[in-house]
Amino acid sequence: MKFLPVLPFSELPSGSHRTVMAGQRRVSLFHYNGRVTALEHACLHKGGDLGEGIVQKLDDGELYVACPWHGWQYNIRTGQAPPGYFDRQAVFEVRIENCMILVSENPVITAFRAEHAHDGLQDLRQLEYRTTPDSVHVLGISATNMNQALPRPSTSETALQVALDFAVSEYGAETRMIRLRELQFRHCEGYYSRHEEACTWPCSITEMNSEDGMTEIYRAMVLWADVVLLATPIRWGNASSLYYKMAERLNTVQNQITLHDRVLIRNKVVSFIITGGQDNVQGVAGQLNAFFADLGFIFPPFNYMGWSRGWIAEDMQHNVSSFMKSRYVRRSVKELVANAVQLLRQVKRIDSSHMQTPKPKISEAGGVTAHETE
Ligand code: FES
């Protein structure tokens, strides 16, 4: 078998690893326990560079490299995933000759990508939409937080329930309410910041964690909903932190446009319910509108209702009763639903497949046009 020189031995000190060129390939070299080993550099998951990973000893006493993107692990000697997993990274034979590291031209152990077909995410991967030309699926998302064992009345959530009930009684809608506080899900862990391709659909956290509560949001919002009604309290002049936690995890939806020019959200309508003891309704609405616009949602006219008692209304115990007595609230929540459903009926007839996405694309990153370079 042919061997290719790749690196002076002195440039790979004991306890280090790095990726080098071997002819046309990139291989990751590891120098641990007095031995140099070599693996194919591109992780079998999404291609993360194993030469930038972290090497650690696992319970079986073997050294594994953890991919820097999402943590898949490979034995640096055998390429095998940890016990219980069946993926195997390609392994190259290594020789040291005349103070040079040489690796075999071809792997001596080939890569094996185990089937992960039973991860339960096929409907998301295949984008198996559950909307129909006639469906009126209204998804309510409540972003308020509270002690689950000691629930309290919430103005935003009460208004959202009124809206959903009205959608059923007036339009025969199918409705669902998701309370973010009842979902267990991790914060976005910023894989995008390491490499844009590390932000995947479905989200890599969802792939890693079968209990990830965001799976319910992805299914409901992307596959099922025609209309999304998001209800949030005002917290320090902004939407609730639970809303932002969810929004960051929706990077996976927006990034499909940036990375693959693929729009997941089409012909869906969104409106907002924003309530708080103190004000900044319009500021919150601006934030929400900007984010949901970037996902591809469409807005009815007057797509938010807001309610607050103003800056000096520190007697919070009166919030809910004042809210419940408000004729404005009862009227505006219903009108919010009416506008959303009426627009939905129009939107359902639009062929949006040719709609453009004037957003930044990875293919243009840092680029200038040929004309500008002249
Ligand atoms: S790319 Fe390696 S773990 Fe995802």
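Helices here are DSSP runs of at least four residues, numbered from the N terminus. With that in hand, Pro202 can be placed in the loop between helix H3 (191–194) and H4. The structure is a predicted model, and Pro202 comes with a twist of its own: the peptide bond leading into it from Trp201 is cis, with omega near -10°. For background, most peptide bonds are trans.

Stepping back to the whole chain, the protein holds 11 helices and 15 strands. Its radius of gyration is 26 Å, whereas a compact globule of 374 residues would come out near 21 Å. Along the principal axes, the C-alpha atoms fill a box of roughly 85 × 50 × 45 Å. Buried residues make up 49% of the 374. As for contacts with a separation of 6 or more, 66% of them join residues 24 or more positions apart. The accessible surface adds up to about 18900 Å², and carbon and sulfur atoms account for 50% of that area. On the charge side, there are 37 positive and 40 negative side chains, and the centres of these two sets sit 5 Å apart.

The chain splits into two domains, with domain 1 covering 3–114 and domain 2 covering 118–352. Their C-alpha centres are 44 Å apart. Where the two meet, six residues of domain 1 and nine residues of domain 2 take part in the contact.

Two asparagines share a backbone feature worth a look. Asn33 has phi near 55°, a positive value in a residue that is not glycine. Asn98 also has a positive phi, of about 50°, again without being a glycine. As a rule, most residues other than glycine have a negative phi. Asn33 sits in the loop between strand E3 (25–32) and strand E4 (35–40), while Asn98 occupies the loop between strand E9 (94–97) and strand E10 (100–104). With exposed meaning over 50% relative accessible area, Asn33 counts as exposed because its relative accessibility is 72%. The same cut-off applies to Asn98, which counts as exposed because its value is 77%.

Back beside the cis bond, helix H4 contains Glu207. This residue is partly exposed, given its relative accessible area of 23%. Setting aside residues up to four places away in sequence, Glu207 touches His45, Lys46, Leu121, Arg125, Thr200 and Pro202. That list brings back Pro202, the residue on the far side of the cis bond from Trp201. Glu207 and Gly120 are 87 residues apart along the chain, yet their C-alpha atoms are separated by 9.2 Å.

Helix H6 (residues 241–249) gives a view of how a helix gets covered. Its buried residues are Leu242, Tyr243, Lys245, Met246, Ala247 and Arg249. The cover over them draws on several elements, including strand E11 (137–142), strand E13 (227–233) and the helices H4 (204–208), H5 (214–224), H7 (251–260) and H8 (281–295).

One of those covering helices, H8, holds Leu288. A residue is buried when its relative accessible area is under 20%, so Leu288, at 0%, falls in that class. Beyond its neighbours up to four places away, Leu288 touches Leu230, Thr232, Ala239, Tyr243, Phe272 and Ile274. Tyr243 is itself among the buried residues of H6. For Leu288 and Leu230, a sequence gap of 58 residues goes with a C-alpha distance of 9.1 Å.

The stretch leading into H6 has a residue of another kind. Asn238 lies in the loop between E13 and H6. It is partly exposed because its relative accessible area is 34%, a value between the 20% and 50% cut-offs. Apart from neighbours within four places in sequence, Asn238 is in contact with Pro233, Tyr244 and Val284. Asn238 and Ile141 are 97 residues apart in sequence, and their C-alpha atoms are 16 Å apart in space.

Key: Residues numbered from 1 in each chain as written. Predicted model: local features only at pLDDT ≥ 70, side-chain atom pairs only at ≥ 80, totals over all residues. Heavy atoms only, no water. Helix = DSSP H or I, 4+ residues; strand = E, 2+ residues; numbered from the N terminus. Rg over C-alpha atoms; globule rule 2.2 N^0.38 Å. Buried < 20%, exposed > 50% of the residue type's maximum accessible area, 1.4 Å probe, protein only. Contact = heavy atoms within 4.5 Å. Areas by Shrake-Rupley, 256 points an atom, 1.4 Å probe, with all protein chains shown as cover. Lys, Arg positive; Asp, Glu negative; His and termini not counted. Charge placed at Lys NZ, Arg CZ, Asp CG, Glu CD. Domains from an automatic or database assignment.
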